[in-house]
Every structure is written in structure tokens, then in C-alpha cells.
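Work through the exercises below with the sequence and the model at hand, and try each task before reading its solution.

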Amino acid sequence: MQQFDVVVVGGGPAGGQCARVLTKAGRKVLLVERHKDFVTNSFSSAGTPLETLERYGLPDSIVGSYWDQFVVITSNQSGRWQARSPLGVVLDFAKLREFLADEVRGNGGAVWMNCRYVRHEQKHGETLVLLVREGQEEVVTTRVLVDATGPFRSVIYAKGEPKPEFLSGTGIEYLIEVEDADYQRHANALTFFLGYKWMPRGYSWIFPMAPNQLKVGSAVVNADHQIVKQNQPLKHHIHLVLDDYMKLKSYKLIEVHGATLKYSSGLNDIYYRDNVIAIGDAVSTVNFLGGEGIRHAMQGAEIACKYIQSYLDGTSSDFKTYQSEMHQVFLRSWNLSEKFGKKKYLQDCDEIVDKVVTYLRPLSLEDVVDILFYYRFEKVSKGLPQHLLRKLDSLWTRLISKLKNWINRPLEVKG
């Protein structure tokens, strides 16, 4: 029976980064991934700010494309923001996960592919973990067990144990190959679609990847819209983008992938039980408003690693402080994002959605990135004064025009 300091279940960004950090620290780590390779479950669109690469030491080899433009299309409006140099990247999600796993191996850790977690139990002071590896049962022991299974939360909750009610969202994405001219129209830009026409309960998108490859997807909040009652399947909204907006004459469908996220309102997840600790989407580190999760999952994993190290060193007996720090880092911004997300996706009419683009239009792309990726929502107000000035200027112009017409009108002569 093999023994480990830490067993991490789930080879996504959170699990991979957690195992990577701990192996670099000299811990004996097993990373468990249920799929036979990392291409099989490439479920993320993976747009992120440029600083993600430097902060987490990620190589250019995992970058699908760089972006220096941001485009928003609503039912009646459009906005485009552009910077002089790239402000972000679209990661190749499979290559990201493979890179993290390779780092684990390179630092002496074990990575078991095609390996499924079944259950764990405490026995004679040890934690026994039952796995099915390539069809064969195998038991290992560990001092710390990490749940990085995302929305499944397979480890932190026992099989059959009731879970609390979660807010959920479902996304589907097409990876397509297009002609060079079609690719160039969407290269270097993240393009989002909002509003009744495109996606009344969520948003759709176009992300550039490798040359001549684009990601086209839609995501929906699984709840009723207060105004729009008729719901269409996600693929309907993807084809709206492909046919009505992109107007592609032809394209090659390379793959279709998707996922469902389950988000705990107010971050009321279970963060730990005894020597089991949950990370990544298992504790709702995905942002509810934009659905962005990779860098947050990696950040949360690094926070967890501090407390795992303390636990292994015997300087702490539980992970209570981990939960407190996660709330300190994420709770305020995530509560605001949840509030705005519910309003935007489930309540707002098209007119309000259009006004958001109008307010944002005067801002720089750097400001837009600050709002959408760093949740500095106060910057939205920067666009409001200019919007009001334009409205006042338009009103003043109309008044002057009416005054001129009145002055220049022919005099009426009465007999």
C-alpha cells in the first residue's frame, strides 16, 4: 500500500496547482485525474488577464492567443475597446492542465491518469483512499485528502449525502476551424453577446485560439428570467452567433465540450472536514458574474497549500483558518458579483443591458478589464458623467435647433 503526504483528487487548475506547489515544497503528493488525458475534458474557454502568466509562472506554450480588444454586442448596441498592447490571453485549457501535471511529475510527485476516486475512510489512525486505476481497485494512505473535483464535490461530501441547494450554470462551447479571413475578423478580441436576442439568461462569446481556430460558446444560469419566459437550448444561441453574427459560409467543427457549475450563494460551502480540504470550484471560487475561474482556482489552491503545510508540520490541527482567509479574499467581491449577475442575467430588460454598454463606451480597455476581471465596479461610474454630458449636449443641440427654427419662421400677417 503506497503512502502519501497529500492525495489531490482532480487534475483541474486548482488540483494541478495545489499538487505543483506541494511537490515543490518537498511533499510526497499523488494527483488523481479521472480522464485518460487532459484533452478529453477541455471544458473551459480560459480567457484571463495577462498577469496570470507571470503570477503563476505559466509558459507561452500554453497560450492559445493574446487579446488587446474587448467587444460587447447587445440586442441593440455594440461597443469595442482596444489597447495598444495585449492585456490578456486565452489559454489552451488542456495544455495548462498538462503543464501543471508535468510540473508535479518533475518535482517528484505521482500523477495517476484514468483513475477514479471511490471513497475514503479512517482506519487505525490512517486515511485510506479507495481508487479505481485503469479498471483496478487500489488503496493508498494519506495524511491530507484534497477535494479538487469541482462542482461534483465528490470527496468533501460522502456518496449519497444530501447537498445544499446551489445556484447552477451550464455552458457549451464549440471549437471550430474557419477560413483565415473569418479568423482575422475575430482575432485579438474577446467578444461577448448579451440581451434577449443573444442569450436572455446568460451570455455567449467568441474567443480566438490558435490560428484559424475560434471558440464559440453560450452559458446560461439555470433559473427563470423575470421577463423572458421562453427558453431555447444552448445550441440555439451558439448558432445565432455562428449564423446571424459571424455569417460563416463554412466551418469545421473540431469538438464540442461543456460543463455545469454549482455555486454556493454567500460562499456557504463546506471547506474542510477533519483532514479533508476542498479547493477550486468545490468551494465556489468561480466568479458568478463572468464565470471566470482559472486564476481564482489557482489562487485559492495556493491559499489552501499554506494550511496544508501547517497541518503536515503539526503547527495546526484543522483548516478553520483556511476558510476564514478564503472568505476574506473572495466573499465581498463574490457577493457583489452574485448580486449583479442575478440582476443582469435574470431581471434586466434589454434597455438596461444596452445602457451598460453606453456607460462603458467612454472608458479605456484598461478600465473595462479592471471592472470585469478585477471587480472594481466603482469604475462604471467613470462612464456615467460623460454619458450625462453627451445627453445634455444632445438636449442643448435640439433646443438651439428649435430656437433657430422659431426665430427664422415666417411672420404671420393678419388682414
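**Exercise 1. Find which residues make the nonpolar surface patch of about 240 Å², and describe where Tyr251 is found.**

Step 1. In this predicted model, the patch is made by Tyr251, Leu253 and Val256.

Step 2. Tyr251 is found in a loop, which runs between helix 5 (234–245) and strand 16 (252–263).

Step 3. The relative accessible area of Tyr251 is 31%, so this residue is classed as partly exposed, and a patch residue needs over 30%.

**Exercise 2. Decide whether Cys18 and Cys305 are bonded or not bonded to each other through their sulfur atoms.**

Step 1. A disulfide is a covalent bond between the sulfur atoms of two cysteines, and the cut-off applied to the pair of sulfur atoms is within 2.5 Å.

Step 2. For Cys18, the closest cysteine sulfur belongs to Cys305 and lies 3.8 Å away, which is too far for a bond; taken from the other side, the closest cysteine sulfur to Cys305 is that of Cys18, again at 3.8 Å.

Step 3. Cys18 is buried, with a relative accessible area of 0%, and Cys305 is also buried, at 2%.

Step 4. The pair is therefore not bonded, and a search of the whole structure likewise finds zero disulfides.

**Exercise 3. Establish whether His296 is buried or exposed, and list the residues that it touches beyond four places away in sequence.**

Step 1. His296 is found in helix 6, which covers residues 294–313.

Step 2. With a relative accessible area of 3%, His296 counts as buried, because the cut-off for that class is under 20%.

Step 3. Leaving aside residues up to four places away in sequence, His296 touches Thr285, Asn287, Phe330, Trp334 and Tyr375.

**Exercise 4. Describe the protein chain as a whole, and state which stretch has a pLDDT below 50.**

Step 1. The protein chain has 10 helices and 18 strands, and its C-alpha atoms fill a box of roughly 115 × 45 × 40 Å along the principal axes.

Step 2. Of the 415 residues in the protein chain, 51% are buried, while the accessible surface comes to about 20,200 Å², with 51% of that area belonging to carbon and sulfur atoms.

Step 3. Among contacts with a separation of 6 or more, 71% are accounted for by residues 24 or more positions apart.

Step 4. The average pLDDT of the protein chain is 90, and 91% of the residues score at least 70. Over residues 383–393, however, the pLDDT is below 50, and this stretch has nine contacts in the model beyond near neighbours in sequence.

Definitions and conventions:
Residues are numbered from 1 along each chain as its sequence is written. This is a predicted model: local features need pLDDT of at least 70, side-chain atom pairs count only at pLDDT 80 or more; totals for chains, interfaces and linings use all residues. Side-chain values use heavy atoms; hydrogens and water are left out. Patches are made of residues with over 30% relative accessible area and no salt bridge: like charges are joined within 9 Å, nonpolar side chains (Val, Leu, Ile, Met, Phe, Trp, Tyr) within 5 Å. Accessible areas come from the Shrake-Rupley method with a 1.4 Å probe; for residues, only the protein chains shown count as cover. A salt bridge is a side-chain nitrogen of Lys or Arg within 4 Å of a carboxyl oxygen of Asp or Glu. Helices (H or I, at least four residues) and strands (E, at least two) are DSSP runs, numbered from the N terminus. Buried means under 20% relative accessible area, exposed over 50%, partly exposed in between (1.4 Å probe, protein chains only). pLDDT is the predictor's confidence in each residue, from 0 to 100. Contact means heavy atoms within 4.5 Å.
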